[in-house]
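Open the model in your viewer and keep the sequence panel beside it. This tour goes from stop to stop, with something to select at each one.

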Amino acid sequence: MDDGMIITLIIVAAAIILLAILFTFVPVALWISAIAAGVKIGIFELVGMRLRRVVPARVVNPLIKAVKAGIDLDSSRLEGHYLAGGNVDRVVNALIAAQRANIELSFERAAAIDLAGRDVLEAVQMSVNPKVIETPFIAGVAMDGIEVKAKARITVRANIDRLVGGAGEDTIIARVGEGIVSTIGSQQDHKKVLENPDMISQTVLTKGLDSGTAFEILSIDIADIDIGKNIGAELQTDQAEADKKIAQAKAEERRAMAVAQEQEMRARVEEMRAKVVEAEAEVPMALSEALRNGHMGVMDYMNYQNVMADTDMRDSISKSSKGDSDMFPENDPRNKNN
């Protein structure tokens, strides 16, 4: 192979590589599709998107859909929303759906809703086709103490004007639950709630529970209602049990105080006995002092001794008689002799 042929092959290979790089960096096919769809966008604008690290297809394809749907948009606003982290395709689809449903929705509001983290396309679809939110069983207690459980179905429609900053489904369920509990609790008899469950939905609807939320409540329907526990009876039983324990504790406190008082009285008895023994111990000393001072004669002392001996004898006879009566039965004649 001569040198001329080699140089030609090298030039052809370099040209192929250069064209491959060019077609990879410059989305010519996308540009042709945009031109064919009537979208006015230059090839250098697409190159600029590449330089700004924007995927051209993420901007041009939604722009083609918008132009074909008759929506006035330009690539600059779509590219700006892409660079802000938004979903351009979802916003354009939402704008098309809103236009078809005659819902007023600007690109700026749709982009704000999208950047707020809400699904703007789902919101538009929910505005056309209301959504039904089903609550779990919510229990309330009527004034007669009977628990009533109710399950509600809330039909809501998205409020596009309040999607940014408005509360979500959890707030709607919580507010409706609060309304159900308060409505049941305001009834004197649980039978009234069972006879007319619509009073729950009517009462809840009049409270304007959708205020500050991203939804508009269209209706609240009671899907199911059931009787729960007798909360009033359980509370009374618990109260009675608590009162019984309190009374038992107070009785135990009084018994402990009585035992302590009994022990105290026993101690006082022993103390008084000690004083009596102490006083009796002073009698011989007093007699001796009386004899020594002449306040008492010998005969007086002898009479005192006789009285003491007679007293001891009577005590001895009394104790022996008592012992015999304990030994023989009550109807024994020997007891009668005594």
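Select Tyr301 and Tyr304 in helix α14, residues 298-327. They sit three residues apart, so about one helical turn separates them. An α-helix has 3.6 residues a turn, so residues three or four places apart point the same way. This is a predicted model, and it holds one aromatic pair. Here that pair is Tyr301 with Tyr304: the ring centres are 6.5 Å apart and the planes meet at 35°, so the pair counts as tilted. Are these two residues buried, exposed or in between? Tyr301 is partly exposed, at 30% relative accessibility. Tyr304 is also partly exposed, with a relative accessible area of 29%.

**The strands**

Next, select strand β3, residues 146-158. Three other strands can be added to the view in turn.

Start with β2, residues 138-141. β2 and β3 run antiparallel, joined by four bridges. Pick out two of the partners: Ile138 pairs with Ala150, and Ala139 pairs with Lys149. Which side chains of β2 are buried? Ile138 and Gly140 are, and they point to one face. Ala139 and Val141 point to the other face and are not buried.

Now look at the turn. β2 and β3 make a hairpin, with four residues between them. Click Gly145 in that turn: its phi is positive, about 90°.

Add β1, residues 131-134. It pairs with β3 in the antiparallel sense, over four bridges. Val132 is the residue to label, as it stands opposite Thr155 in β3.

Then add β4, residues 215-230. How many bridges join β3 to β4? There are 12, and these strands run antiparallel. Return to Lys149, the bridge partner of Ala139. Lys149 also stands opposite Asp226 in β4.

**The loop after β3**

Select Asn159, in the loop between β3 and α9 (169-185). Asn159 has a relative accessible area of 18%, so it is buried. Show what surrounds it. Setting aside neighbours within four places in sequence, Asn159 is in contact with Ala214 and Phe215.

**Helix α7**

Move to α7, residues 107-115. Colour Phe107, Ala110, Ala111, Ile113 and Asp114, which are buried. Why do they line one face of the helix? Turn the view to look down the axis: the buried residues fall within an arc of 160°, so they line one face. Now show what they pack against: α5 (75-83), α6 (88-100) and α8 (120-128). Before leaving, click Gly117, just after α7. Its phi is positive, about 95°.

**The whole chain**

Zoom out and show the cartoon. The protein chain has 15 helices and four strands. Its radius of gyration is 54 Å, well over the 20 Å that the globule rule gives for 338 residues, so the chain is more spread out than a compact globule. Along the principal axes, the C-alpha atoms fill a box of roughly 175 × 75 × 45 Å.

Switch to a surface. The protein chain exposes about 22000 Å², with 56% of that supplied by carbon and sulfur atoms. Of its 338 residues, 28% count as buried.

Finish with contacts. Take those in the protein chain with a separation of 6 or more: residues 24 or more positions apart account for 65% of them.

Terms used
Residues numbered from 1 in each chain as written. Predicted model: local features only at pLDDT ≥ 70, side-chain atom pairs only at ≥ 80, totals over all residues. Heavy atoms only, no water. Buried < 20%, exposed > 50% of the residue type's maximum accessible area, 1.4 Å probe, protein only. Pairing = 2+ DSSP bridges. Arc of directions from axis to C-beta. Contact = heavy atoms within 4.5 Å. Phe/Tyr/Trp six-rings, centres within 6.5 Å; stacked < 30°, edge-to-face > 60°. Rg over C-alpha atoms; globule rule 2.2 N^0.38 Å. Areas by Shrake-Rupley, 256 points an atom, 1.4 Å probe, with all protein chains shown as cover.
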